[in-house]
Amino acid sequence: MTGQQSILVVEDEASIASFVALYLKNAGYAVRTVSTGQGALTQLASEPPALVILDLNLPDIDGVEVCRRIRKGSDVPILMLTARDEDVDKIIGLEVGADDYLTKPFNPRELVARVKTILRRAAPERRRDEGEEITHGDLVINAGKREVHVGDEEIQLAPKEFDLLWELLDHRGLVLTRDQLLERVWGYTFAGDTRTVDVHVRQVRRKLGDASPIVTVWGVGYKVASEKTSAPAA
């Protein structure tokens, strides 16, 4: 692969797959395309890519189910494509661990920009020191191991859920706007869809339950509650 980062495009519409592949190849990536969910899982098992672009609507296995299966054994970044501009599709995709989504039709330059950003944020140099840890009440988050514990129980967070929680805890006492979180966690220096942030916050809260420290600051963004104050679920 001559050092190129490999991207797996999972898309059953040949015209879109070739269109996406062309732009990614021109941007310097090695691209493989498959048209089915099973094909994607087979490729991931044999030669894991640096990133997966995954269509929501596939002929055999639903894209959400493919994403769910990938997440059982891999933290590979996943960018989901959806043909319908419906919040439910986006939210379902993000809830099973996708890093972000794009709605068709999309600007190919934006797709390449998203891919570059996601890969940059997933690079090994972003991994923090093995021993770096933040404690908040019963919640313990370890950066090196990328583990989250509430008491003795380990909580499984998707990659971006982990990064979001760490960013908020690392800036406790400060209110971070949705745009700031998009830039800090997703790396977007352009206007992104802030619903991505809201969906991930909701997922972190659901998984952590009463141990969630995230508080909504209405009209602004999110912050971490003091350790003595339980965070409202709103």
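Visitor: What share of the contacts between residues at least 6 apart in sequence joins residues at least 24 apart?

Guide: In this predicted model, 58% of the contacts in the chain between residues at least 6 apart in sequence join residues at least 24 apart. One such pair of residues is Tyr23 and Pro108, which are 85 residues apart in sequence and 6.8 Å apart in space, C-alpha to C-alpha.

Visitor: How do you know that Tyr23 and Pro108 are in contact?

Guide: Contact requires heavy atoms within 4.5 Å, and, leaving aside its neighbours within four places in sequence, Tyr23 is in contact with Pro108 and Val112. The 6.8 Å value is a C-alpha to C-alpha distance, whereas the cut-off applies to heavy atoms.

Visitor: Why is Tyr23 called partly exposed?

Guide: Tyr23, which belongs to helix α1 (residues 14-26), has a relative accessible area of 29%. Buried means under 20% and exposed means over 50%, so Tyr23 with its 29% is classed as partly exposed.

Visitor: Why does Arg146 count as partly exposed, and what makes its backbone worth a look?

Guide: The relative accessibility of Arg146 is 22%, and the cut-off for buried is under 20%, so Arg146 counts as partly exposed. Its phi is positive, about 55°, although Arg146 is not a glycine, and the residue is found in the loop between β7 (139-142) and β8 (147-150). Most residues other than glycine have a negative phi, and most peptide bonds are trans.

Visitor: Which peptide bond is cis, and where is the proline that follows?

Guide: The peptide bond from Lys104 to Pro105 is cis, with omega near -10°, and Pro105 sits in the loop between β5 (100-103) and α5 (108-121).

Visitor: How do you know that the span of α6 agrees with what is expected of a helix?

Guide: The expected span is 1.5 Å times one less than the number of residues, so the 12 residues of α6 should span 16 Å, and the end C-alpha atoms are indeed 16 Å apart, which agrees.

Visitor: What makes α6 a mostly covered helix?

Guide: In α6, 11 of the 12 residues are buried, and a residue is buried when its relative accessible area is under 20%. Among the buried residues of α6 are Phe162, Leu165 and Trp166, and also the charged residues Lys160, Glu161, Asp163 and Glu167. For the chain as a whole, buried residues make up 51% of the 234 residues.

Visitor: Which elements contribute to the largest pocket, and what is its volume?

Guide: The largest pocket holds about 310 Å³ of space. Of the 17 residues that line it, the closest to its centre are Asp75, Gln156, Leu157, Ala158 and Pro159, and the elements that give two or more residues to the lining are β8, β9 (153-155) and α6 (159-170). By class, this lining has 7 nonpolar, 2 polar and 8 charged residues.

Visitor: What makes the other space a cavity and not a pocket, and what lines the largest cavity?

Guide: In a cavity a 1.4 Å probe fits but cannot get out, whereas a pocket is open. The search of the whole structure finds 1 cavity of 30 Å³ or more, and the largest cavity has about 40 Å³ of space, so it passes that cut-off. Leu56, Met80, Leu81, Thr82, Asp89, Lys90, Gly93 and Tyr101 line the largest cavity, with β4 (78-82) and α4 (87-95) as the elements that give two or more residues. Its lining divides into 4 nonpolar, 2 polar and 2 charged residues, and Gly93 falls among the polar ones because Gly is counted as polar.

Methods:
Residues numbered from 1 in each chain as written. Predicted model: local features only at pLDDT ≥ 70, side-chain atom pairs only at ≥ 80, totals over all residues. Heavy atoms only, no water. Buried < 20%, exposed > 50% of the residue type's maximum accessible area, 1.4 Å probe, protein only. Helix = DSSP H or I, 4+ residues; strand = E, 2+ residues; numbered from the N terminus. 1 Å grid on protein atoms, 1.4 Å probe; cavity = no way out; pocket = protein on both sides within 12 Å on 5 of 7 lines; lining within 4 Å.
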